[in-house]
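Work through the exercises below with the model open beside you. Try each task before reading its solution.

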Amino acid sequence: MKSLLSLTLMGSILFSATLPAISQEPATVPRSNIRSYIGLTYRTLPKGFKDNGGWVVKGGRYGADFVQRGNTRMIWFTKVLPWNRGGAVPVRVVDVMELPTFPRSQELHFAFCTFNGQDDREIFAIAEATDEDIRTNIRRAWRANTKTEKIESISPKGVACKQI
């Protein structure tokens, strides 16, 4: 629980998802249709969504929000839109994925992962929770690919994540 709280706090510091809605709040969407959030533009998460942290993916132009609506936990891959002074910076959701369920013995890691020893902020992963500073027992991994603007499943081979 302490690690999850640390991740949430660190994620909130790295990339605040508490940005007033620009477009309309989406209607209630069945879990099987989360892709309908793609294209949503917002400054703060729409009503009914919980901010569970996030991170800057690349160069301040892309980010990712770990959001929840009811029991559905999602990663919203976002792109920063032009900003005209005042208020929070608007973002547009370019891709969405529902996080799989995983046991309490595993944790979600983001913002501090490496691929083959090189920092790679596009990667996020689920790893076994250990007392090690670097988590190498990666169960699943994804890339928030800024070139394709898609979240892609990747092999966990070569992925490691810092435990914060």
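**Exercise 1. The open sheet**

Task: Find how strand 1 and strand 5 are joined, then place both in their sheet.

Solution. Start with the pair itself. Strand 1 and strand 5 (residues 91-98) run antiparallel and are joined by two bridges. Within this pair, T41 faces R92 of strand 5. The model is a predicted one.

Next, widen the view. The sheet is open and has five strands, in the order 1-5-4-3-2, with antiparallel pairing. Its edges are strand 1 (41-42) and strand 2 (50-58); each has a single partner strand, so one side of each lacks a neighbour in the sheet.

Now go inward. Strand 4 and strand 5 pair antiparallel over seven bridges. Here V80 stands opposite V91. Strand 3 (residues 62-69) pairs with strand 4 over eight bridges, again antiparallel. In that pairing F66 stands opposite I75.

Last, inspect the turn. Two residues separate strand 3 from strand 4 in their hairpin, and G70 in the turn has a positive phi of about 65°.

**Exercise 2. Burial of strand 4 and V96**

Task: Decide whether strand 4 is enclosed or open to the outside, and list what V96 touches.

Solution. Count buried residues in strand 4 (residues 72-80). Seven of the nine are buried, so the strand is largely enclosed by the rest of the structure.

Move to strand 5, where V96 lies. Its relative accessibility is 3%. The cut-off for buried is under 20%, so V96 counts as buried.

Then check the contacts. Leaving out residues up to four places away in sequence, V96 touches I34, R35, Y37, I38, M74, I75, W76 and I151. R35 deserves a second look. R35 and V96 are 61 residues apart along the chain, yet their C-alpha atoms are separated by 5.9 Å.

**Exercise 3. An aromatic cluster**

Task: Classify the ring pairs Y37 with F49 and Y37 with W76.

Solution. The structure holds eight aromatic pairs. Take Y37 and F49 to begin with. Their ring centres are 5.4 Å apart and their planes stand at 80°, so the pair is edge-to-face. The pair links distant parts of the chain, 12 residues apart: Y37 is in the loop between helix 1 (2-14) and strand 1, and F49 is in the loop between strand 1 and strand 2. Both residues are buried.

Continue with Y37 and W76. This pair is tilted, at 5.2 Å centre to centre and 40° between the planes. Y37 sits in its loop and W76 in strand 4, so the pair ties together parts that are 39 residues apart in sequence. Relative accessibility is 2% for Y37 and 0% for W76.

Put the pairs together. Ring pairs link Y37, Y42, F49 and W76 into a cluster.

**Exercise 4. The disulfide**

Task: Which two cysteines are joined by a disulfide, and which strands hold them?

Solution. A search of the whole structure gives one disulfide. The partners are C113 and C161, with an S to S distance of 2.1 Å. C113 is in strand 7 (residues 113-115) and C161 in strand 13 (residues 159-162), so the link ties together parts that are 48 residues apart in sequence.

Add the geometry. The angle about the S-S bond is 100°, and the link is right-handed. Both C113 and C161 are buried.

**Exercise 5. H109 and D131**

Task: Which side chain makes a polar contact with H109, and is D131 buried or exposed?

Solution. Locate H109 in strand 6 (residues 106-110). H109 is buried, at 1% relative accessibility. The side chain of H109 makes a polar contact of 3.1 Å with that of R135. Beyond four places in sequence, H109 touches F124, A125, A127, R135, C161, K162 and Q163. This list includes C161, one of the disulfide cysteines.

Turn to D131, in the loop between strand 9 (123-128) and strand 10 (134-135). Its relative accessible area is 80%, so D131 is exposed. D131 and Q163 lie 32 residues apart in sequence and 8.4 Å apart in space, C-alpha to C-alpha.

**Exercise 6. The whole chain**

Task: How many helices and strands does the protein chain have, and what share of its residues is buried?

Solution. The chain has one helix and 13 strands. Of its 164 residues, 46% are buried. The accessible surface comes to about 8,800 Å², with 52% belonging to carbon and sulfur atoms.

Key: Residues numbered from 1 in each chain as written. Predicted model: local features only at pLDDT ≥ 70, side-chain atom pairs only at ≥ 80, totals over all residues. Heavy atoms only, no water. Disulfide = S-S within 2.5 Å. Helix = DSSP H or I, 4+ residues; strand = E, 2+ residues; numbered from the N terminus. Buried < 20%, exposed > 50% of the residue type's maximum accessible area, 1.4 Å probe, protein only. Pairing = 2+ DSSP bridges. Contact = heavy atoms within 4.5 Å. Polar contact = N/O pair within 3.5 Å; in protein donor to acceptor, adjacent residues only side chain to side chain. Areas by Shrake-Rupley, 256 points an atom, 1.4 Å probe, with all protein chains shown as cover. Phe/Tyr/Trp six-rings, centres within 6.5 Å; stacked < 30°, edge-to-face > 60°.
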